[in-house]
Amino acid sequence: MFEISVEKTIAAAHRLFDYDGPCEALHGHNYRVQVSYGGTELDRYGMLADFTDVKRVFHAVLDTLDHTYLNDLPPFRDVSPSAENIAAYIFHELKRHPFPRAKLLRVEVWETPTQRAVYWEE
Ligand SMILES: [Zn+2]
């Protein structure tokens, strides 16, 4: 089994609605986001998927979130933009761009260097 990952950091503002705590107020994070793909077969270049292609798709999805107020975006109008929901949203967007040998395994979103949420499907 092989696994590859790419990572990017984006900045975004959010507030958690109906939440009794400081995160109900508008604030921002530098979200560190990592996506991982896995598989057993490599292509003729010895790659599970070309990092260039993985980054192109990954960056395209993250660019829609970078430097935004997440609560204003359609996917988070009715869903609280928690790290968990952000990870799930990114995962589902990435699923729309599959690679032949690389299965999308998980998306990890760090809100701070010590707090992360992970989304995957079994
Ligand atoms: Zn927050």
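**Exercise 1. The buried side of H2**

Task: In this predicted model, find which residues of H2 are buried and what they pack against.

Solution.
Step 1. Count neighbours: a residue is buried if 20 or more other C-beta atoms lie within 10 Å of its own.
Step 2. In H2, this holds for Ala83, Ile86, Ala87, Ala88, Tyr89, Ile90, Phe91 and Leu94.
Step 3. Recall the geometry of a helix: with 3.6 residues a turn, residues three or four places apart point the same way. Ile86, Ile90 and Leu94 are among the buried residues of H2 and can be compared with this rule.
Step 4. The partners of the buried residues are S2, H1, S4 and S5.

**Exercise 2. The length of H2**

Task: Check how far apart the end C-alpha atoms of H2 are against the span expected at 1.5 Å a residue.

Solution.
Step 1. H2 covers residues 83-95, which is 13 residues.
Step 2. The expected span is 1.5 Å times one less than the number of residues, so H2 should span 18 Å.
Step 3. In the model the end C-alpha atoms of H2 are 18 Å apart, which agrees.

**Exercise 3. The core**

Task: Describe the largest nonpolar core and state which element gives the largest share of it.

Solution.
Step 1. This core has 24 residues, and the members that touch the most others are Ile86, Ala87, Ile90, Leu94, Val107 and Val109.
Step 2. Two or more residues come from each of S2, H1, H2 and S4.
Step 3. H2 gives the largest share, 8 residues.
Step 4. Take Ile86 as an example: beyond its neighbours within four places in sequence, Ile86 is in contact with Tyr31, Pro81 and Val109.
Step 5. As background, nonpolar side chains tend to be buried together in soluble globular proteins.

**Exercise 4. The sheet and its helices**

Task: Work out the strand order of the sheet, its edges, and where the helices pack.

Solution.
Step 1. The sheet is open, has 5 strands in the order S3-S1-S2-S4-S5, and its pairing is mixed.
Step 2. S3 (68-69) and S5 (115-120) each have a single partner strand, so one side of each lacks a neighbour in the sheet.
Step 3. S2 (residues 27-39) and S4 (residues 103-112) run antiparallel and are joined by 7 bridges. Within this pair, Gln34 is bridged to Glu108 of S4.
Step 4. H1 (residues 51-63) packs on the sheet and touches S1 (2-14) and S2, with its direction at about 20 degrees to that of S1.
Step 5. H2 also packs on the sheet, touching S2, S4 and S5, and its direction makes about 150 degrees with that of S4.
Step 6. S4 and S5 are antiparallel, with 6 bridges, and form a hairpin with 2 residues between them. Val109 has Ala117 of S5 as its bridge partner.

Conventions: Residues are numbered from 1 along each chain as its sequence is written. This is a predicted model: local features need pLDDT of at least 70, side-chain atom pairs count only at pLDDT 80 or more; totals for chains, interfaces and linings use all residues. Two strands pair if DSSP finds at least two bridges between them. Helices (H or I, at least four residues) and strands (E, at least two) are DSSP runs, numbered from the N terminus. Two residues are in contact if their C-beta atoms, placed from the backbone, lie within 7 Å. Axes are lines fitted to C-alpha atoms, for helices over the stretch in contact, and angles run from 0 to 180 degrees between N-to-C directions. A residue is buried if 20 or more other C-beta atoms lie within 10 Å of its own, exposed if 12 or fewer, and partly exposed in between; C-beta atoms are placed from the backbone. A nonpolar core is a set of buried Ala, Val, Leu, Ile, Met, Phe, Trp, Tyr and Cys residues joined through C-beta atoms within 7 Å.
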